[in-house]
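Thanks for coming. I will take a few places in this structure one after another, so please have the sequence and the model open.

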Amino acid sequence: MTDASAGSAGPAGSAGPAGSAGSGSGPGGREGEARTVFLLAHTGRPAAIRSAELVVLGLLRSGLGVRVLEQEACDLPLPPEVELVAECTPKAFDGCELLIVLGGDGTLLRGAEFARGSGVPMLGVNLGRVGFLAEAERDDLDKVVDRVVSKSYEVEERMTLDVLVRTNGDVVHRDWALNEAAVQKVSPERMLEVVLEIDGRPVTGFGCDGIVCATPTGSTAYAFSAGGPVVWPEVEALLMVPISAHALFAKPLVTSPDSVLAVEVQTGTPHGVLWCDGRRMLELPAGARVEVRRGTVPVRLARLHHASFTDRLVAKFALPVSGWRGAPHETA
């Protein structure tokens, strides 16, 4: 597996350079070498603690090493063989072939930060409500352990966003996002006045509660709540979705993955805030400019299933499909 810090993201949803993990390539994946898995869990949830215990014991029994953060280890009933690390830096993932994350959407996005920084694929187990980033549910823990032990998973790369903030023409902040970068108002009683730009040309301006710039992966997250379209992960595109805009033309926009999206906060408006994946926040003064482009470093996700995104969408949102008969079958 190549280091994700080198090179650009491949097609959103495409298999990564390693393809199938069954080849035995990548960190800790060569034949005869010790194999180590990093485990990240939301230890504030009893379900996550029990799930972490089951996963750790299953991996250790199969001869795999397990690495855990010290701050999480105090809340987990872990055997002494588990390796503890003080900080979740990229170096802490040296020799790890996989990052298993147990938790809801917030924990999975936290795991995505570590996966991007280290280049290690993330396998998410959903302990929350929707969990679009997760590959398995709580009831699948035994199957997850079996598939990890046998290397029966594939790795795909998901597009990210690179985010740049300018004030008075100077770059004052750089960030990234897997799901979205959202420019939002702070004051509930006043709208945020913005002008939208794509590829260096102005599109429209209006007052609104905010603007969401999203990836296809993020199309089922905040952008979806704001009325944006669902975009299949293998589609390469960027989304720009207004939030409660006071305008006649305030439709979601889908652009080329090579486009540069910009949101300019007007000078006569109250200051706003920038949220990246709902985890990292920056105050935006009036006159600030936020530029969003395709990220140069992808997030790598481990996949256990070949189920289509359509089936995942139906299952996660419990969509009504009763009565469907499918395409007519050809008779011989």
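Let me start with a question: is Asp139 buried or exposed? Before I answer, keep in mind that this is a predicted model. Asp139 is exposed, with a relative accessible area of 76%. The cut-off for exposed is over 50%, so Asp139 qualifies. To find it, look at the loop between strand E7, residues 136-137, and helix H4, residues 141-149. Asp139 is 14 residues away from Val125 in sequence, and their C-alpha atoms are 9.5 Å apart in space.

Now to strand E18, which covers residues 272-276. Of its 5 residues, 4 are buried, so the strand is largely enclosed by the rest of the structure.

Which strands pair with E18? One is E11, residues 180-185, which runs antiparallel to E18 and is joined to it by 5 bridges. Another is E19, residues 280-284, again antiparallel and again with 5 bridges. Val273 is a useful residue to click on here. Its opposite residue in E11 is Gln184, and its bridge partner in E19 is Glu283. As a general reminder, side chains in a regular strand alternate between the two faces of the sheet.

E18 and E19 form a hairpin with 3 residues between the strands. Within that hairpin, Asp277 has a positive phi, near 55°.

Next, the cysteines. How many disulfides does the model contain? The count is 0, taking a disulfide as a pair of cysteine sulfur atoms within 2.5 Å. Take Cys88: the nearest cysteine sulfur belongs to Cys96 and is 9.3 Å away. That is outside the 2.5 Å cut-off, so Cys88 is in no disulfide.

Are Cys88 and Cys213 buried or exposed? Buried means under 20% relative accessible area. Cys88 has 18%, so it counts as buried. Cys213 is buried as well, with a value of 2%.

Last stop, the segment after helix H6, which spans residues 309-317. Val321 is found in that segment. At 48% relative accessibility, Val321 counts as partly exposed, because that class lies between the 20% and 50% limits. Val321 also belongs to a nonpolar patch on the surface, together with Leu319 and Trp324. The accessible area of the three together is about 360 Å².

To recap two of the stops: E18 is largely enclosed, because 4 of its 5 residues are buried, while Asp139 is exposed at 76%. That is the end of the tour.

Technical notes
Residues are numbered from 1 along each chain as its sequence is written. This is a predicted model: local features need pLDDT of at least 70, side-chain atom pairs count only at pLDDT 80 or more; totals for chains, interfaces and linings use all residues. Side-chain values use heavy atoms; hydrogens and water are left out. Buried means under 20% relative accessible area, exposed over 50%, partly exposed in between (1.4 Å probe, protein chains only). Two strands pair if DSSP finds at least two bridges between them. Patches are made of residues with over 30% relative accessible area and no salt bridge: like charges are joined within 9 Å, nonpolar side chains (Val, Leu, Ile, Met, Phe, Trp, Tyr) within 5 Å. Accessible areas come from the Shrake-Rupley method with a 1.4 Å probe; for residues, only the protein chains shown count as cover. A salt bridge is a side-chain nitrogen of Lys or Arg within 4 Å of a carboxyl oxygen of Asp or Glu.
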